[in-house]
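You asked for some quick notes to read alongside the model. Here they are, as numbered points.

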Amino acid sequence: MGLRKSCNKQTQALALKKIIKRCSSFGKNNDGNNLPHDVPKGHFVVYIGERRTRYIVPISCLDHPTFQGLLQRSEEEFGFSHDMGIIIPCQEVDFLSIFSMIS
């Protein structure tokens with residue numbers, strides 16, 4: 001059972017890397033095609049709440065257990081196979097509270 005959990009975490013990590021490259025300047029190539037130009041290096045985009053409000057988040061937040069919990073909820077509800085970016089299923093007020101705590 002432990003091996004399956006490890007493989008699942010590796011799969012999640014690979015999916016996150018792909019999303020971050022699509023939603024940030026982290027994977028920017030020379031011509032910068034199809035990447036947001038307003039996302040600073042070392043950051044990525046998340047969409048929060050029913051209105052899908054866009055937030056730019058530092059990659060360092062990925063290490064925090066509370067943010068990882070939000071990502072796990074996101075994966076369970078939406079999966080990681082979309083081009084829009086990471087959609088986090090929580091209220092904006094809750095996200096801002098969590099974000100202020102971890103940043």
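1. Start with Tyr55 and Phe95: both of them are buried. Keep in mind that this is a predicted model. For Phe95, the relative accessibility is 2%, which is why it counts as buried, the cut-off being under 20%.

2. Now look at how those two rings sit. The centres of the Tyr55 and Phe95 rings are 5.3 Å apart, and their planes make an angle of 50°, so this pair is tilted. It also links distant parts of the chain, since Tyr55 belongs to strand 2 (residues 53-58) and Phe95 to helix 3, 40 residues apart.

3. Phe95 has another ring partner, Phe99. Here the centres are 5.9 Å apart with the planes at 15°, so the pair is stacked. Phe95 and Phe99 are four residues apart in helix 3, so about one helical turn separates them. Put together, Tyr55, Phe95 and Phe99 make up one aromatic cluster. The count of aromatic pairs comes to three.

4. Is Phe99 buried or exposed? Neither, quite: Phe99 is partly exposed, because its relative accessible area is 21% and buried means under 20%. Its place is in helix 3, which covers residues 92-102.

5. What does Phe99 touch, once its neighbours within four places in sequence are left aside? The answer is Val57, Pro58 and Cys61. Take Val57: it is 42 residues from Phe99 in sequence, yet the C-alpha to C-alpha distance is 8.7 Å.

6. On to the strands. Strand 1 (residues 43-48) is mostly covered, with five of its six residues buried. It runs antiparallel to strand 2, and six bridges join the two. At one spot along this pairing, Ile48 stands opposite Thr53 of strand 2.

7. The turn deserves a look too. Strand 1 and strand 2 form a hairpin, and there are four residues between them. Gly49 is in that turn and has a positive phi of about 75°.

8. Strand 1 also pairs with strand 3 (residues 86-88), this time in parallel, through three bridges. If you want a residue to find it by, Val46 has Ile86 of strand 3 as its bridge partner.

9. How many salt bridges does the structure hold? There are two. One brings together the side chains of Asp38 and Arg54, at 2.8 Å from N to O. Asp38 lies in the loop between helix 1 (2-23) and strand 1, while Arg54 is in strand 2, so the pair ties together parts that are 16 residues apart in sequence. Asp38 is partly exposed at a relative accessible area of 44%, and Arg54 is also partly exposed, at 34%.

10. Arg51 and Glu92 form a salt bridge as well, with their side chains meeting at 3.3 Å, N to O. This pair links distant parts of the chain: Arg51 is in the loop between strand 1 and strand 2, Glu92 is in helix 3, and they are 41 residues apart. Arg51 has a relative accessible area of 68%, so it counts as exposed.

11. One thread to follow when you go back to the model: helix 3 holds Phe95 of the tilted ring pair with Tyr55, and it also holds Glu92 of the salt bridge with Arg51.

Technical notes
Residues numbered from 1 in each chain as written. Predicted model: local features only at pLDDT ≥ 70, side-chain atom pairs only at ≥ 80, totals over all residues. Heavy atoms only, no water. Buried < 20%, exposed > 50% of the residue type's maximum accessible area, 1.4 Å probe, protein only. Contact = heavy atoms within 4.5 Å. Phe/Tyr/Trp six-rings, centres within 6.5 Å; stacked < 30°, edge-to-face > 60°. Pairing = 2+ DSSP bridges. Salt bridge = Lys/Arg side-chain N within 4 Å of Asp/Glu carboxyl O.
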